[in-house]
Amino acid sequence: MTLHVSSAFDGGAIDVLRCDAPDAIELAIRRDLRADGTASEFLQWFYFRVSGAAGRPLALRIVNAGSTTYPKGWEGYAAVASFDRRTWQRVPTQFDGEVMTIRPGVACDPLYLAYFEPYSWERHLDLLADAVARGAALRRLGASVQGRDVDALVIGTGARVVWIIARQHPGETMAEWFVEGLLDRLLDDADPLARELRRRATFYVVPNMNPDGSVLGNLRTNAAGANLNREWLAPSRETSPEVACVREAMHASGVDAFFDIHGDENLPYVFVAGCEMLPAFGERQRAEQLAFCEDFKRASPDFQTRHGYSPDKYRDELLKLASKYVGHTFGCLSLTLEMPFKDNADAPDPRTGWSAARSRQLGRALLDPLYGHLLRIETAR
Ligand code: ZN
């Protein structure tokens with residue numbers, strides 16, 4: 001039984017420095033990769049397997065945690081672990097400012113550890129097929145740098161147009177778990193709200209904007225090293241084709257509401273970033289955004305508006321961001337939704353932290369305020 005740490009699988013990422021004793025494993029988080037094997041600037045995501053340690057207490061030291069892209073992301077954070085990659089739980093994790101030490105207890109064999117519950121490419125393909133079996137139409141919008149399909153699910157027949165995109169930042173897997181819950185409800189024929197939404201609007205849902213980054217095990221970039229959420233002003237056919245094809249489809253369809261789904265490394269809250277800092281943001285947009293947020297709070301106690309980004313966070317690159325570009329171009333409700341990697345500090349669950357299951361529930365809940373928004377814009381116009 002030889003102790004081993006591996007990450008050569010879908011979404012896997014870690015560098016192994018030392019692996020000769022289960023209670024003294026030394027690892028380093030690796031940088032996001034490009035298709036040619038070179039590294040880009042970001043590093044935060046990890047996902048790996050430990051084998052050959054059955055029944056022995058494990059201690060894993062991630063020696064460069066203090067030098068990652070979001071070192072504050074490790075404060076109050078606990079890693080997730082699983083035996084079967086289906087059920088994940090948080091495990092004791094400490095961060096001293098430089099080294100993060102994960103102590104999952106006595107090891108099962110194998111044991112998987114990750115930054116957040118992974119969402120595999122296989123599961124993504126199953127999600128598409130399941131949605132189509134329940135009435136969605138698949139529309140291939142284009143291809144990623146490495147040639148993976150960039151797909152939208154088209155749902156509903158209404159005149160209003162709603163776009164929902166997820167995983168521009170591929171390591172923010174909670175975004176696709178969120179979409180899974182949203183689709184499950186939106187395609188439910190027994191749910192009267194879902195039926196009304198499909199009658200009033202046409203939904204374009206892109207569950208994974210960054211397939212290559214997802215498979216490569218990247219936190220933020222695609223296979224060309226591009227941070228897709230800085231590409232919306234001038235997407236490139238060569239280095240950000242994922243954004244180019246989705247943006248083109250949005251211009252063809254028009255947009256009445258847009259949601260860009262993300263995870264935030266630092267803040268232990270669910271929140272949105274809106275468009276109030278845009279120069280052309282008017283009273284109508286402000287009223288729509290405020291009303292949506294109030295409705296969302298009632299629909300999900302996990303959502304709040306006290307904690308979030310300050311409006312001047314992206315001063316110089318505003319229109320490079322998806323939700324700002326769309327809010328500016330289409331004058332519609334346009335939000336970046338952020339979920340925590342850690343937990344919701346207003347309603348913590350130390351066993352799971354923020355989780356895939358909670359992300360799915362939030363995705364279901366988004367449909368309530370969205371319904372209110374559609375009713376409001378119908379009576380207003
Ligand atoms: Zn993000």
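What follows is a conversation about aromatic rings and empty spaces in a predicted model.

Biologist: Why is the pairing of Trp232 and Phe258 called an aromatic pair that is tilted?

Modeller: Happy to go through it. Their rings are 6.3 Å apart, centre to centre, and rings pair if their centres lie within 6.5 Å. The planes make an angle of 55 degrees. Stacked would need under 30 degrees and edge-to-face over 60, so the pair counts as tilted.

Biologist: What makes this pair a tie between parts of the sequence?

Modeller: Trp232 lies in the loop between α4 (211-216) and α5 (241-253), while Phe258 is in strand β15 (residues 257-264), so the pair ties together parts that are 26 residues apart in sequence. Both Trp232 and Phe258 are buried, which means that each has under 20% relative accessible area.

Biologist: How many aromatic pairs does the structure hold, and which residues form one aromatic cluster?

Modeller: There are 22 aromatic pairs. One aromatic cluster includes Phe9, Trp45, Trp88, Tyr112 and Phe341.

Biologist: How do you know that the charged end of Arg85 sits over the ring of Tyr112?

Modeller: That charged end is 5.7 Å from the centre of the Tyr112 ring, and the distance limit is 6 Å. Arg220 has its charged end over the ring of Phe42, at 5.2 Å from the centre, so that distance also fits within 6 Å.

Biologist: What makes a space a cavity, and how many cavities of 30 Å³ or more are there?

Modeller: A cavity is space where a 1.4 Å probe fits but cannot get out. The count comes to one of 30 Å³ or more. The largest cavity holds about 80 Å³ of space, so it passes that size limit. It is lined by 15 residues, and Gly11, Trp45, Arg167, Thr173 and Ser214 are the closest to its centre.

Biologist: Which residues lie nearest the centre of the largest pocket, and how does its lining divide by class?

Modeller: Arg85, Arg86, Trp88, Pro118 and Arg123 lie nearest the centre, among 20 lining residues. The volume of this pocket is about 460 Å³. Its lining divides into nine nonpolar, three polar and eight charged residues. Arg85, Arg86 and Arg123 are Arg, so they count as charged, whereas Trp88 and Pro118 count as nonpolar.

Biologist: Which element gives the most to the lining of the second largest pocket?

Modeller: That is α6, with five residues. The second largest pocket has about 360 Å³ of space, and its lining comprises 12 nonpolar, seven polar and five charged residues.

Note on methods
Residues are numbered from 1 along each chain as its sequence is written. This is a predicted model: local features need pLDDT of at least 70, side-chain atom pairs count only at pLDDT 80 or more; totals for chains, interfaces and linings use all residues. Side-chain values use heavy atoms; hydrogens and water are left out. Rings of Phe, Tyr and Trp (its six-membered ring) pair if their centres lie within 6.5 Å; planes under 30 degrees apart count as stacked, over 60 as edge-to-face and the rest as tilted. Helices (H or I, at least four residues) and strands (E, at least two) are DSSP runs, numbered from the N terminus. Buried means under 20% relative accessible area, exposed over 50%, partly exposed in between (1.4 Å probe, protein chains only). A charge sits over a ring if NZ of Lys or CZ of Arg is within 6 Å of the ring centre and within 35 degrees of the ring normal. On a 1 Å grid over the protein atoms alone, a cavity is a set of points where a 1.4 Å probe fits but cannot get out, and a pocket is an open set with protein on both sides within 12 Å along at least five of seven lines; lining residues have an atom within 4 Å of a point. Grid points are joined across faces, edges and corners, and a volume is the space filled by probe spheres set on the points.
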